[in-house]
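Student: I have a model open and I'd like to learn how to read it. Could we start with how helices pack?

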Amino acid sequence: MTTTTISLSGNPKRHRRERVVKRIFWASAAVSVLISAAIVMSLIGRATTFFVEVDKSSLVDIGWFPRRGLYDLLTPLAGTVVVSLLAMFVAVPLGLGAAIYLSEFARPRVRRFLKPILEVLAGIPSVVIGFFALTWLSPNLVQRVFDSAGIFSMLAASIGVGILITPLIASVSEDALRAVPTSLREAAFGLGAKRSETVRKVVFPAAISGIVASMILGLSRAIGETMVMFMVGGAVGGGIRELNPLRPGTTMTAAIASVATGSDQVVGEGLTFESVFALGFLLFVFTLVLNTVSDRFVRRARERY
Amino acid sequence: MTNAGDLRPPSTLPLDRQATVQSSPKVSTADTLATVNAPASSISPSNTDEVVLDITDLNVYYGDFHAVADVSLPIRRNQITALIGPSGCGKSTVLRCCNRMNDLIEIARVEGSVKYHGVDLYDQDVDPVEVRRRVGMVFQKPNPFPKSIYENVAFGPKIGGFSGNLDDLVQESLTKAALWDEVKNKLSESAFALSGGQQQRLCIARAIATSPDVLLMDEPCSALDPVATFRIEELMRDLKEEYSIVIVTHNMQQAARVSDRTAFFTVDTDRSQRTGVLVEFDDTGTIFTKPTEQRTEDYITGRFG
Ligand SMILES: Nc1ncnc2c1ncn2[C@@H]1O[C@H](COP(=O)(O)OP(=O)(O)OP(=O)(O)O)[C@@H](O)[C@H]1O
Ligand SMILES: [Mg+2]
């Protein structure tokens with residue numbers, strides 16, 4: 001009686017291919033981690049130099065003039081807060097309104113037509129929006145409503161940034177609304193709820209985590225946005241600390257950009273070059289916190305159903 | 001808005017209307033509509049032959065697809081009417097015509113009439129929202145709102161402008177749905193924390209809370225185990241004292257156990273499309289013991305292909 005031994009070890013060639021594929025993916029994952037680490041390292045090094053060597057009294061001053069040794073960090077910080085909050089005032093009602101309309105009220109045919117337009121809007125380069133804000137929004141809207149506003153103002157920039165992040169908020173919150181099961185809408189309708197009641201009392205609350213996440217994503221995009229503020233915000237070389245949105249101002253990102261694109265030899269000017277890294281580091285921490293929070297919201301939204 | 005105007009929230013209806021109507025059978029449409037929410041306990045048992053929902057020559061189309069043809073079906077008061085038949089024969093479609101849930105489907109078109117106490121639900125001036133408050137619905141899969149148990153039951157009354165004692169109404173509805181004892185100590189907990197069978201009874205309580213007089217149930221037990229199914233069947237027998245019930249079921253024994261009358265639907269193979277037709281409608285006993293039609297007998301004895 002002969003016994004044949006069965007081999008269950010599989011095809012060695014396939015095993016090898018499997019290992020190679022796995023390594024390729026591992027490598028690409030590793031590269032992105034390495035890049036992030038490199039960014040943080042480069043930021044931390046120069047930022048530390050800045051904070052150690054800077055004259056502490058110059059950190060709180062009348063404004064941010066890095067080339068003159070005035071490093072009032074509150075100036076770009078205040079500008080960022082003013083601009084991103086105003087941008088949210090524009091983007092949240094517009095974005096949520098569009099999302100609710102698309103997901104709850106629009107007929108399928110209208111939605112099929114509008115959704116791609118929204119996605120195209122999301123892809124408009126910020127320099128185009130910046131140009132639009134400078135040449136159209138500022139003279140035709142901001143200056144017409146507020147006499148005291150100049151052509152460069154934080155308000156004009158805020159509206160531009162608001163327009164920029166509206167499609168993002170609309171699209172993410174629309175996904176959140178659409179993810180609410182139809183069975184819940186049917187339950188509400190079956191109890192005699194009107195469409196608006198169904199949206200307000202059932203669909204919206206059920207999608208709230210995703211909606212909040214969309215707003216936080218929009219906010220961090222607004223904080224990170226550079227070009228619009230750079231073009232429309234005025235205060236390019238530096239600026240006085242300013243909370244009035246009708247005045248020119250600078251944000252953290254625009255401040256970094258203006259030093260980085262300076263025509264003079266920035267490296268030679270004391271700590272000017274290092275100050276940019278300090279700002280960059282602050283910005284990094286700022287958005288990291290926001291992203292962590294939004295991540296938590298997104299995850300909770302997913303766990304719900 | 002003659003009819004819709006009279007479809008007021010039940011709680012505002014004077015209860016003495018009941019007496020008025022019974023003494024004079026030839027009342028106007030408006031008066032008839034006003035009576036339907038009078039407590040059923042005051043309805044004499046001899047009234048059970050009254051037709052609550054009168055479906056006449058109903059034809060439903062989904063776009064070009066003729067889904068249901070020429071269905072005529074009277075639903076009688078304080079009875080359980082079962083709709084049985086093979087998958088795709090239009091049971092859910094017919095059921096959803098009884099509270100205008102088909103309005104929510106863009107391509108659905110309804111011809112014929114569904115008279116609710118004499119008023120055609122598809123009349124121009126009938127508000128589907130009012131219809132759904134009187135004709136409640138329980139769905140195949142339990143679909144509680146992601147809210148507390150209490151809020152689930154209170155949802156319908158709240159949007160209906162209920163002005164009485166909400167706590168009492170919630171307790172009463174949960175009691176009728178045979179759920180009160182199990183949940184009375186955790187009313188503020190999430191409805192998702194309940195078992196499937198409890199969730200379905202919660203959905204029944206939620207439907208009852210708007211004080212409808214007809215309950216539509218689309219395979220309410222198909223997602224439940226036999227014990228939970230048994231409890232719901234028991235519950236239905238209790239509920240029919242007060243409500244008229246239409247139930248869609250795939251479970252032949254269930255139809256035989258709980259229903260008073262049974263309608264057998266099938267897909268008409270003689271037509272070009274897979275159109276659903278009503279084959280036979282009779283007392284449940286007759287349908288299951290000596291059906292007139294061969295097709296009915298084939299189906300209930302399991303000889304159906
Ligand atoms: N929203 C819709 N759009 C297009 N066709 C539909 C829609 N709903 C149902 N139909 C079609 O109408 C027919 C009847 O469907 P219906 O859901 O009423 O059947 P059913 O008897 O309830 O079946 P089941 O027992 O499987 O639930 C089917 O052929 C179905 O494909
Ligand atoms: Mg069905």
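Tutor: Sure, definitions first. Axes are lines fitted to C-alpha atoms, for helices over the stretch in contact, and angles run from 0 to 180 degrees between N-to-C directions. Helices are DSSP runs (H or I, at least four residues), numbered from the N terminus. This is a predicted model, where local features need pLDDT of at least 70, side-chain atom pairs count only at pLDDT 80 or more, and totals for chains, interfaces and linings use all residues. Residues are numbered from 1 along each chain as written, chains are lettered from A and ligands numbered from 1 in the order written, and side-chain values use heavy atoms, without hydrogens and water.

Student: At what angle do α2(A) and α5(A) cross?

Tutor: Two packed helices are described by the angle between their axes and the distance between the axes. Here, helix α2 (residues 74–105) of chain A crosses α5(A) at roughly 35 degrees, and their axes come within 5 Å. The crossing is right-handed (the near helix is turned clockwise from the far one by less than a right angle; anticlockwise would be left-handed).

Student: How do the residues of that contact divide?

Tutor: Into 23 nonpolar, seven polar and three charged. Ala, Val, Leu, Ile, Met, Phe, Trp, Tyr, Cys and Pro count as nonpolar, Asp, Glu, Lys and Arg as charged, and the others, Gly among them, as polar.

Student: And what about α3(A) against α5(A)?

Tutor: Helix α3 (residues 108–122) and helix α5 (residues 154–178) of chain A pack at about 135 degrees, axes 8 Å apart. They are therefore oblique to each other (not under 35 degrees, over 145, or 65 to 115). Their contact (heavy atoms within 4.5 Å) includes A:Arg111 of α3(A) and A:Glu174 of α5(A). It has five nonpolar, one polar and five charged residues.

Student: Which residues come nearest to ligand 1?

Tutor: B:Ser87, B:Lys91, B:Ser92, B:Thr93 and B:His250, of 14 around the ligand (a heavy atom within 4 Å). An oxygen atom of ligand 1 is 2.4 Å from a side-chain N or O atom of B:Ser87, and one is also 2.4 Å from such an atom of B:Thr93.

Conventions. Helices (H or I, at least four residues) and strands (E, at least two) are DSSP runs, numbered from the N terminus. A polar contact is a pair of N or O atoms within 3.5 Å; within protein, one must be able to donate a hydrogen and the other to accept it, and residues adjacent in sequence count only if both atoms are side-chain atoms.
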